[in-house]
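Here's a walk through a two-chain model, written for someone who would rather look at residues than read about methods. Keep the structure open while you read.

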Amino acid sequence: MSRVSRLHRQGGAAHVFLIPWWLGLVLVTAVPLVASLYLSFTDYNILSTPEFNGLENFRRMFQDEYFWAAVKVTVIYVLVSIPLQLGFALLLALILDRGLRGLAFYRSAFYLPSLLGTSVAVAILWRQIFGDDGLIDRALSVFGLELGSWLQNPSLSLSTLIVLNVWTFGSPMVIFLAGLRQIPEELYEAAKVDGAGIVRQFTSVTIPLLTPIIFFNLILQTIGAFQTFTQAHVVSGGTGGPANSTLFYTLYIYQQGFTNFDMGYASALAWVLMIAIGLVTAVHFVLSKYWVFYGDD
Amino acid sequence: MTTATLETTRRSARAAVRRRGRRDLLKHLGLGAFVLLMLYPLIWMIVSSFKPDHLILTEPGLIPSEMTFDNFAEGWNALNRPFSVFFANSLIVTVGAIVGNLFSCSLTAFALARLEFRMRKVYLAITLVSVMLPMHVLVIPQYIFFSQLDLVNTYYPLLIPKFLATDAFFVYLMVQFIRTIPRDLDRAAWIDGSGPFRTFWYVILPLMRPALVTTTIFTFIWTWNDFFVPLIYLTSPKMFTVPVALNSMVDSETQSGVGMLFAMSLLSLLPVLIFFAVAQKQLIRGIATTGLK
């Protein structure tokens, strides 16, 4: 059979294999993507027909104090919790890497919170831990600190969710451990021969070779953190309070879209989120040229 | 080498081993304490769900002075329906999602990894980009679409996307895996007269087992824990999955006690914990190779 006709035959089969994917791409992804872009220029409450109102939704955003509160909460959350989470992940991975016995046990134990961290159950647990007379409140009162409920305190409530995210450092840690395994032993040997001590080996071998993994974790966790919803919803009872201190961006989209049914505005908010995530990711990729090390070139 | 120097080398080697042993012991102590600190909240929740309400907040320790199963009995029936309803609902959604993902992602991945056709690279790129697309930008039109079809408050909006290969992460995972399967196997099947469908079903699919297992595990955990999508689509309590039911229990927290809330939360985590215990190795390997959460 000639190559062309074989290609033709496989092409036909490929389109059969790809029927579900095609339907998904069109119906679940592409059409909704375009539709939400259109809706973002309309006033639409799901009952009446969408009414085109130009850039009104975006103008409204600029004057909307809740929008700015949501931006602030989300940005602080990303900027504080991601470095802490990845820092813990890297530190623990380095401690566990050097042929320590019981690695499998520690790895599973540290991974467990990542597995459960986004569940409603853990968010409920968090409410009790940081609530009035909760574990933290009691522990601090031993030291004479009477803070009361962290969740009722606008200056502390966000930090409970930051702690929750840092608590899930296990999944990037597992990825770091896999990355550390990939570093060839010869490189350490060569470094030793050249007279490098432990510190020098760390800064000249381990860290450079790990930068692609650090970068990967950074992108992955940042994109995820921008979309935090469950924890914020449960911990604040869906309000984003007190005083909007846990009004995560996706929680605000939810409130506008599915509580107020202001779907035009919610679509505009969602598009701003998508563009923001895209820009942050693009900036990361540009900056990666300066610090991520890919092979010997 | 003289015996004397040999003896000193040996002695210093032994000392090094001892030093290393001592350092490891310190490490284990430190790590053990840290594990305890990390898992303390979970352990506290487990213990507290067996305590009478008034002791939960007054006893921060782990040894309960009084034990009871009341929280489970009362919590099970705290909402208008017993929790068995919500567990059954969660099970339906989770199993449906697993079947959907295995079916649609494996078909897609086979075509993208093995069949030759124009646009293959473009399709692969689209799949990769869609991994990064935040779902919040799609969810509003999807909701409008499903509500126009009168499918709100059914499981279709939760399951249909799974049967259409929209969890692009798994497509990507499977493509990567199929690429590690030697091409000679396909060629042999080809020479024996198998077309693409037989090759997929009899050759590739059985060899893809590890990737299918990883997909099953992660689909299970994500779907079981998922809150956002069921919260939006499931409006009547008889359709609630476990997380949505738990959330509605929080809303009526003043009536239902902390103990009940903990007991039901614990039960909701149990399937995930069991899955973790059974499939730990594949799970860790899955994260390590793909970066799934």
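## Odd backbone spots

A:I46 counts as partly exposed, because 16 C-beta neighbours fall inside 10 Å. Bear in mind that you're looking at a predicted model. A:I46 sits in the loop between strand 1 (42-43) and strand 2 (51-52) of chain A. What's unusual about its phi? A:I46 isn't a glycine, yet its phi is positive, at about 75°.

Chain B has a similar entry to look at. For B:M119, phi is near 75°, again a positive value in a residue other than glycine. You'll find B:M119 in the loop between helix 4 (83-114) and helix 5 (120-132) of chain B. B:M119 is exposed, because there are 12 other C-beta atoms within 10 Å and the cut-off for exposed is 12 or fewer.

Then there's a cis peptide bond, which links A:G241 to A:P242 with omega at about 0°. A:P242 belongs to the loop between helix 12 and helix 13 of chain A.

## A buried Phe in the loop

A:F248 is in the loop between helix 12 (230-235) and helix 13 (249-259) of chain A. Is A:F248 buried or exposed? A:F248 counts as buried, because it has 25 C-beta neighbours inside 10 Å, and 20 or more is enough for that label. Leaving aside residues up to four places away in sequence, the contacts of A:F248 are A:A70, A:V73, A:T74, A:T228, A:F229, A:A232 and A:G240. There's also A:F226, which is 22 residues away from A:F248 along the chain, with 8.5 Å between the two C-alpha atoms.

## Helices in chain A

Now for a helix pair. Two packed helices are described by the angle between their axes and the distance between the axes. Helix 3 (residues 56-63) of chain A packs with helix 14 (residues 263-291) of chain A at an angle of about 75°, and the axes are 9 Å apart. Helix 3 of chain A is therefore roughly perpendicular to helix 14 of chain A. Which residues meet here? From helix 3 of chain A come A:N57, A:F58, A:R60 and A:M61, and from helix 14 of chain A come A:G264, A:Y265, A:A268 and A:V272. By class, the residues of this contact are five nonpolar, two polar and one charged.

Helix 8 (residues 157-167) of chain A is mostly covered, with eight of its 11 residues buried. The buried ones are A:S157, A:L158, A:T160, A:L161, A:L164, A:N165, A:V166 and A:W167.

## Annotated transmembrane spans

In an unreviewed entry, UniProt gives "transmembrane region" for residues 21-41, 66-96, 108-126, 156-180, 201-220 and 268-287 of chain A. For chain B, the UniProt record (also an unreviewed entry) lists residues 28-47, 86-110, 122-146, 158-178, 199-224 and 258-279 under that name. Here's how some of those stretches look in the model.

| Span | Distance between end C-alpha atoms | Helix | Strand |
|---|---|---|---|
| Residues 66-96 of chain A | 44 Å | 100% | 0% |
| Residues 156-180 of chain A | 36 Å | 88% | 0% |
| Residues 122-146 of chain B | 29 Å | 88% | 0% |
| Residues 158-178 of chain B | 28 Å | 62% | 0% |

## Where the chains and domains meet

How many residues does each chain bring to the contact? Chain B brings 62 residues and chain A brings 71 residues. On the side of chain B that touches chain A, helix 14 (residues 258-290) of chain B gives the largest share, 11 residues. That side of chain B has 43 nonpolar, 13 polar and six charged residues.

Within chain B, the domain assignment gives domain 1 (14-69) and domain 2 (73-290). The C-alpha centres of domain 1 of chain B and domain 2 of chain B are 33 Å apart. Where they touch, nine residues of domain 1 of chain B are in contact with eight residues of domain 2 of chain B. On the domain 1 side, the elements giving two or more residues are helix 1 (3-48) and helix 2 (53-56) of chain B. Helix 1 of chain B supplies the largest share of that side, three residues. By class, the domain 1 side has five nonpolar, two polar and two charged residues.

Terms used
Residues are numbered from 1 along each chain as its sequence is written. Chains are lettered from A and ligands numbered from 1 in the order in which they are written. This is a predicted model: local features need pLDDT of at least 70, side-chain atom pairs count only at pLDDT 80 or more; totals for chains, interfaces and linings use all residues. UniProt positions are given in the numbering used here, feature names are shortened, and annotations may be inferred rather than shown by experiment. Helices (H or I, at least four residues) and strands (E, at least two) are DSSP runs, numbered from the N terminus. Two residues are in contact if their C-beta atoms, placed from the backbone, lie within 7 Å. Ala, Val, Leu, Ile, Met, Phe, Trp, Tyr, Cys and Pro count as nonpolar, Asp, Glu, Lys and Arg as charged, and the others, Gly among them, as polar. Domain bounds come from an automatic or database domain assignment. Axes are lines fitted to C-alpha atoms, for helices over the stretch in contact, and angles run from 0 to 180 degrees between N-to-C directions. Angles under 35 degrees count as roughly parallel, over 145 as roughly antiparallel, 65 to 115 as roughly perpendicular and the rest as oblique.
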